[in-house]
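This report covers the model's confidence, the fold of one chain, a sheet in the other, and the contact between them.

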Amino acid sequence: MALAGGASDDSAWTAYDLPLEGRTAEDRVPVSAQSDELILVRNLAWFCSLRWLAIAALALLALLGWVSSTLIPIPWLHLDPAWPSLAAGVLLLLNLTWILLTRRASRGERRALLARRSLWLQILLDLAVLTGVVHFLGSVLTFAPFMYLFHIVLACIFLSRIRSLVVTLSAMGMYLACLVLERTGAVPPSSVLSALALPAAHDIAPVVLALQFLLVAFVSLTVWYLASRLSSDLRRRDEELFAINRRLEAATEERASHMLQTTHQLKAPFAAIHANAQILLTGHCGSLPSAAVGVVEQIATRCETLTRGITAMLQLANLRSQAQNPPSPALLDVSETVRACLAAMKPQAEKRGILFEEDLSPAPALAVQDHVVMIIDNILSNAVSYSLDGQHVRVSSRAKPGGGALVVVRDCGIGIPADKLPRIFDDYYRTTEAARHNRGSTGLGLAIVRQTASAGSIGVHVESAPSRGTVFTLDFPSPGRKVHGIPADRG
Amino acid sequence: MAYLLIVDDDEDFASAVSTVLRGQGYETGIETDGARTVERIRVRRPDAVILDVMFPENDKAGFEIARSIRRTFGELPVLLLTAVNQSFPLGFSRNDLDPTWLPAVDFVEKPVDFAVLCSKVSDILTRRSSAHPAG
C-alpha cells in the first residue's frame with residue numbers, strides 16, 4: 001500500500017473500485033464429465049419437448065379438418081379430423097408414459113437405464129406415427145414423405161453414424177411398406193389433396209412409384225450422409241476436448257501436489273534458519289554481544305519476510321491456476337471468518353499497541369471460505385502494517401438488505417495518494433514510502449485480494465486519504481448477484 | 001517432567017525446537033523417520049507429540065502418522081507443524097482437525113514463533129493433566 005504525501009491537497013479522500021475480471025459467479029460452470037447416459041437422458045427430454053410440438057401441430061390439423069368439414073368447407077381439402085386426433089393421442093400417450101417413468105426413476109443411473117432401454121421403442125413408435133401421418137397426408141405427389149428428414153437429422157445429431165443409418169433405413173422401410181400396402185390395396189389410399197383428383201398410389205405405375213420411393217430414399221440417405229458426417233466430426237472434436245479437459249484436470253492435480261512440495265521445500269530451510277536465529281536471540285546458547293544481536297535479528301526478520309514472500313507467491317500462482325476451474329462457493333457467515341482472522345491477527349497488532357474495534361453482525365454470503373480468509377487476512381494485515389503505533393483499526397460486518405454481506409476495515413494510518421490507488425492491486429507494487437514504513441511487505445497481498453475477489457465476484461471498494469487512513473469495503477454477493485462500486489461505510 | 005516427542009524429517013529444525021522446549025523445562029526426544037513414530041512411542045510414551053505434516057516420501061505422511069497414533073495410543077495429544085496453510089491445495093485449516101480425519105489437537109505454522117509453540121504445548125499439557133490427573 002502506498003504512503004501518503006505530505007501536502008494538504010493530497011489529504012482528501014479518494015475512492016477506487018477494483019474492477020472485477022474473469023468469470024463471474026453467475027457464468028461459472030463447474031467442469032464435470034457428463035456420461036453418455038446422462039447426455040442420452042437429456043436428449044430424450046428434449047425429444048419429449050419436440051414431441052409436444054408435433055402433438056400441437058397434429059391437434060391443429062385435426063381442428064382444421066373439423067372446421068373444413070363442418071363450419072367452413074375448403075373445396076380442395078379432404079381432411080378427416082379422426083386420424084390427426086388419433087396420431088396426436090398416440091404421441092401424447094407416449095410422452096406421458098415417458099415423463100411418468102422418468103419421474104419414478106429418480107436416480108440418475110435408473111433414468112439412464114430406462115433411457116437406453118426405451119430409446120429404440122420411442123424412435124420406432126415416432127416413425128410409425130409419422131408413417132401414418134404420411135399415409136393420410138398423401139404418400140405420393142405430396143411433400144409429406146420428406147417429413148422423415150426431421151427424424152433423420154435428429155438421429156444424426158444425437159446418435160452414432162451407424163445408429164442414425166439404422167433410423168434412416170427404418171424410416172425408408174416404413175415408407176416402402178406404406179407404398180406397398182397402398183399399391184396392393186391392403187390399405188385404402190388417402191390424401192388430403194384427393195379432392196384435386198390427383199392419382200393415388202394404386203393408380204400410379206409401379207415404375208413411377210419405385211422412382212418416387214427412390215427419390216425419397218436418395219434424398220434421405222444424402223441428408224443422412226451429410227448430417228451424420230458433420231455430426232460425427234463435431235462429436236469427435238467434443239471427445240477430443242473432453243480428453244484434453246481430463247488431461248488438464250490431471251495436470252492441475254499434479255501441479256497442486258508439486259506446489260505443496262515446492263512450498264515445503266522452500267519454506268522448510270528458512271523455518272530451520274529462523275528457528276535457530278530465535279534460539280540465539282532467546283539466549284539458549286548463551287548471551288550474544290549486542291552487535292551480534294542486531295545481525296541475528298536481521299537474519300530472523302529477513303527469514304520471516306522471505307517465508308511470507310514465498311507463501312504469497314505460491315498462493316497467487318495457485319489462485320491464478322485455479323481461475324479456469326475455481327472452487328465452488330458456499331453460503332457462509334462472513335462475520336465468523338472475520339472474527340477468526342481478527343483473533344489470529346491480534347498478537348501482531350498488540351505488539352504495536354494497535355487495537356481492533358469490532359462491530360460484527362451476522363453476514364451471510366455466497367463465497368469460498370479459503371478465499372474469504374485470504375482476503376480478510378491480507379486487508380487486516382495491511383491495516384495493521386500501515387497504521388501508526390497505538391492507533392485503532394475498526395472492523396465491521398453486516399448483512400445487506402437485498403442479500404449478501406458487507407465487511408468494512410477502516411484504519412487511520414498512512415493512507416494512499418489518489419494517483420496511486422489504481423495501482424495498489426498490482427503484483428509487487430509498493431511505493432518507496434510504503435516499503436520504508438513496512439520493510440516486511442511482499443507487495444503481493446492486494447494482488448491476492450484482487451485474484452480472490454475476481455474469482456468470487458466480491459466487490460472491493462477502497463477510499464483513502466494520505467495521513468488520514470484507508471477504508472476497504474468488501475461486498476460479498478448473495479446467490480445470483482454481481483455487485484460493483486459499493487460506497488464505503490463511513491459511519 | 002513432561003516428555004515431548006518431536007517428529008520432523010528436518011533434523012536442524014527438530015533440534016532447534018528441542019532446544020527451546022528443553023529450555024522451558026520439558027524433556028524431549030527427536031525422531032526424523034516418520035515411519036518409526038509408533039515404534040518410538042511404544043519404547044517411551046510421550047505426554048505429547050509434535051509432528052511435522054510433510055515428509056519426503058508422502059505429502060500427507062503426518063496425517064497418516066497422526067491417525068496411527070490415534071488408533072494405537074488413543075487420545076495421546078498431537079500438535080502438528082506445517083509449512084503449508086489452508087490456502088494451498090492439500091493444505092488444511094483448524095476446521096479440518098477431526099478425531100478421524102486429522103486427529104490432532106492443534107497446529108503451528110512454520111516458520112514457528114516459539115512463543116506461540118511454547119504456549120500451545122503448555123495448553124495441551126494442562127488440558128491433558130486435567131483430563132487425566134493420574135497420568
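## Chain B: elements and order

Helices and strands here are DSSP runs, numbered from the N terminus, with at least four residues for a helix and at least two for a strand. On that basis the sequence of chain B reads β-α-β-α-β-α-β-β-α, with four helices and five strands.

Of the 135 residues in chain B, 43% are buried. Among contacts in chain B with a separation of 6 or more, 68% join residues 24 or more positions apart.

## Confidence

The model is predicted. Its scores are ipTM 0.71 and pTM 0.52. For chain B the average pLDDT is 84, and 82% of the residues reach at least 70.

## Glu27 of chain B

Strand 2 of chain B spans residues 27-31 and contains Glu27(B). Beyond its neighbours within four places in sequence, Glu27(B) is in contact with Met1(B), Ala2(B) and Tyr3(B). Met1(B) is 26 residues away from Glu27(B) in sequence, while their C-alpha atoms are 6.5 Å apart.

Is Glu27(B) buried, partly exposed or exposed? A buried residue needs 20 or more other C-beta atoms within 10 Å, and an exposed one has 12 or fewer. Glu27(B) has 15 and is therefore partly exposed.

## A six-stranded sheet in chain A

Chain A contains an open sheet of six strands, in the order 1-7-8-6-5-3 and with mixed pairing. Strand 1 (14-17) and strand 3 (355-360) of chain A are at the edges; each has a single partner strand, so one side of each has no neighbour in the sheet. From one strand to the next, the twist averages 10°.

Within this chain, strand 7 (residues 459-465) and strand 8 (residues 469-476) of chain A run antiparallel and are joined by seven bridges. On strand 8 of chain A, Asp475(A) is the bridge partner of Gly459(A).

Helix 9 of chain A, residues 369-385, lies across strand 5 (392-399), strand 6 (405-411) and strand 8 of chain A. The helix runs at about 20° to strand 6 of chain A.

## Contact between the chains

How many residues does each chain bring to the contact? Chain A supplies 28 residues and chain B supplies 21 residues. On the side of chain B that touches chain A, helix 1 (residues 11-23) of chain B gives the most, with seven residues. By class, that side of chain B has 13 nonpolar, four polar and four charged residues.

Conventions:
Residues numbered from 1 in each chain as written. Chains lettered and ligands numbered in written order. Predicted model: local features only at pLDDT ≥ 70, side-chain atom pairs only at ≥ 80, totals over all residues. Contact = placed C-beta atoms within 7 Å. Nonpolar A, V, L, I, M, F, W, Y, C, P; charged D, E, K, R; others polar. Pairing = 2+ DSSP bridges. Axes fitted to C-alpha atoms, helices over the stretch in contact; angles between N-to-C directions. pLDDT = per-residue confidence, 0-100.
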